[in-house]
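Colleague: I am new to this structure. Please take me through one part of it closely.

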Amino acid sequence: MTTRTSPISAAEHFDVLVVGAGLSGIGAGYHLQRHCPKKSYAILEGRDCIGGTWDLFRYPGIRSDSDMYTLGYSFRPWRDAKAIADGPSILKYVRDTARDYGIDQKIRFNHRVQQAAWSSSEALWNVEAETASGEIARFTCNFLFLCSGYYSYEAGYTPEFKGTERFQGRVVHPQKWTEDIDYAGKRVVVIGSGATAVTLVPELAKKAAHVTMLQRSPTYIVARPEEDPIANWLRRHFPAKFAYGVTRWKNVLLGMLFFNLCRRAPERMKQRLLQLVKDELGDTCDVESHFTPCYNPWDQRLCLVPNGDLFQALKQGKASVITDHIETFTEQGLKLRSGAELAADLVVTATGLKLQVLGNLALTVDGKSIEPARLMSYKGMMYGDVPNLATAFGYTNASWTLKCDLTCEYVCRLLNHMDSHGHRQCTPRNEDPSITATPWIDFTSGYVQRSIEQFPKQGSKAPWRLYQNYALDLMNLRFAAVDDGVMRFSSPRAC
């Protein structure tokens, strides 16, 4: 038995505890207030501010890789002209939402949740969070809602590169970017080809002597206007809420159409995407070598570049792309497997995230430790044999918030259903032997494949299957019966 050295406070009770005050956590607060006004709730946030991802990442050019008409909340119109927004604008949007709805008053900052234990006899979660002072704050709640995202805030993923200790310049991961990093007039190498890399390169190129995007393999990259002319026209001629709703559905349907075309006609869509890149770059860059992935579209997430800013930097000679492997760092830069040497003053390792499961909490149910990899996901948000717990997890092929909004709505429906029927416990339970377990996500991206075995599984059919389809989820989560024969309800006697 572990002996604690930190003081422990007396337990404070809430009907619902939300973990995380980022985009999805603030959304959860709104939905609880709107749909379950009699429920008490608090948001436990490990850091000292609102914003999650949009406060954590400070690297140059940080922006959304989804349009704000779908990344924004369903209940709060995005009013800025830019559809592809920068990080500070998104952070302001989240914080303004929290302030305007009074959600910020429900947040306990510097409360890093460490563990949660469910007691069926009490129908309660017993939650412990460590505060900035090292004290253990204790809470109880009837329902636990994890909105803390899917990656570690402590550090990003950086492979072990040979020779980094010899390099005389600076090496930094974008997740740890600080204001003192000087890249003006410097030779910069950005290692990676994902969303972070294609965001960084054109922004760094504005001040750097030259920026090189060094990638092991190419990614599908799509240029898109920074502003949505249809959305801006609608906003000028119609009330904001109506214009926002129309634009949101337009973008949802176009995104679904594009995704389905990629899955049904991958070769045709691949050639179309490559042709668009060729149209952008002309003879400036070897598209076959540097922009032709070895996988089909949407086997990994596509990268979005607003107004083709990456392509503009390449055409202007301010940036370049090299497709190769790193042999070793040297004193002055990097030596590549091809034998080429790449000089650098600053190396940015845009090499991905470290994923974490269920907020990295230690969970127990009636004294039994929960192993996330052995769980099966119910409706993409709850887990077999784990009572009164849900997680907010967005789409991989669309905006994060689309799914999180639906998840919050469903959680509120579930809570209200339990109240109206006198239930205190809800537990998804699979008793269909024909359902087989499959990976949580079918993406081939490195950051997913490195951690996928640690994640819960999804089932081979509903309601255990994780659909990446907003329209289908809308029907299932907003309108389908809560009592579906799989969700089991009970009413343990209150102590």
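How much area is buried between domain 1 and domain 2, and what percentage of that area do carbon and sulfur atoms give?

Modeller: A caution before the numbers: this is a predicted model. About 3500 Å² is buried between domain 1 and domain 2. Carbon and sulfur atoms give 55% of that area.

Now place the two domains on the chain. Domain 1 is assigned to two stretches, 12-153 and 356-490. Domain 2 is assigned to 158-351. The contact between the domains draws 45 residues from domain 1 and 39 residues from domain 2. Taken over C-alpha atoms, the centres of domain 1 and domain 2 are 29 Å apart.

Next, the charged and polar links. There are 4 salt bridges across the interface of domain 1 and domain 2. Arginine 248 and aspartate 405 also deserve a look: their side chains form a salt bridge, with 3.3 Å from N to O. Find residue 248 within the 158-351 stretch of domain 2. Residue 405 falls in the 356-490 stretch of domain 1. Polar contacts between the two domains come to 18 residue pairs.

Look now at the domain 1 side. Three helices each supply at least two residues to the side that touches domain 2. They are α3 (68-71), α11 (400-421) and α13 (470-479). Aspartate 405 has a number inside the α11 range. By class, this side of domain 1 has 23 nonpolar, 11 polar and 11 charged residues.

One of those helices, α13, leads to another detail. The loop between β24 (458-459) and α13 holds proline 463. A cis peptide bond joins alanine 462 to proline 463, with omega about 0°.

A second backbone detail sits elsewhere. Asparagine 110 lies in the loop between β3 (107-108) and β4 (111-119). Asparagine 110 is not a glycine, yet its phi is positive, about 55°.

Finally, step back to the whole chain. The protein chain has 13 helices and 25 strands. Its C-alpha atoms fill a box of roughly 70 × 55 × 50 Å along the principal axes. The radius of gyration is 24 Å, which agrees with the value near 23 Å for a compact globule of 495 residues.

Conventions
Residues are numbered from 1 along each chain as its sequence is written. This is a predicted model: local features need pLDDT of at least 70, side-chain atom pairs count only at pLDDT 80 or more; totals for chains, interfaces and linings use all residues. Side-chain values use heavy atoms; hydrogens and water are left out. Domain bounds come from an automatic or database domain assignment. Contact means heavy atoms within 4.5 Å. Buried area is the accessible area (1.4 Å probe) that two parts lose on being put together, summed over both. A polar contact is a pair of N or O atoms within 3.5 Å; within protein, one must be able to donate a hydrogen and the other to accept it, and residues adjacent in sequence count only if both atoms are side-chain atoms. Helices (H or I, at least four residues) and strands (E, at least two) are DSSP runs, numbered from the N terminus. Ala, Val, Leu, Ile, Met, Phe, Trp, Tyr, Cys and Pro count as nonpolar, Asp, Glu, Lys and Arg as charged, and the others, Gly among them, as polar. The radius of gyration is taken over C-alpha atoms; the globule rule is 2.2 Å times the number of residues to the power 0.38.
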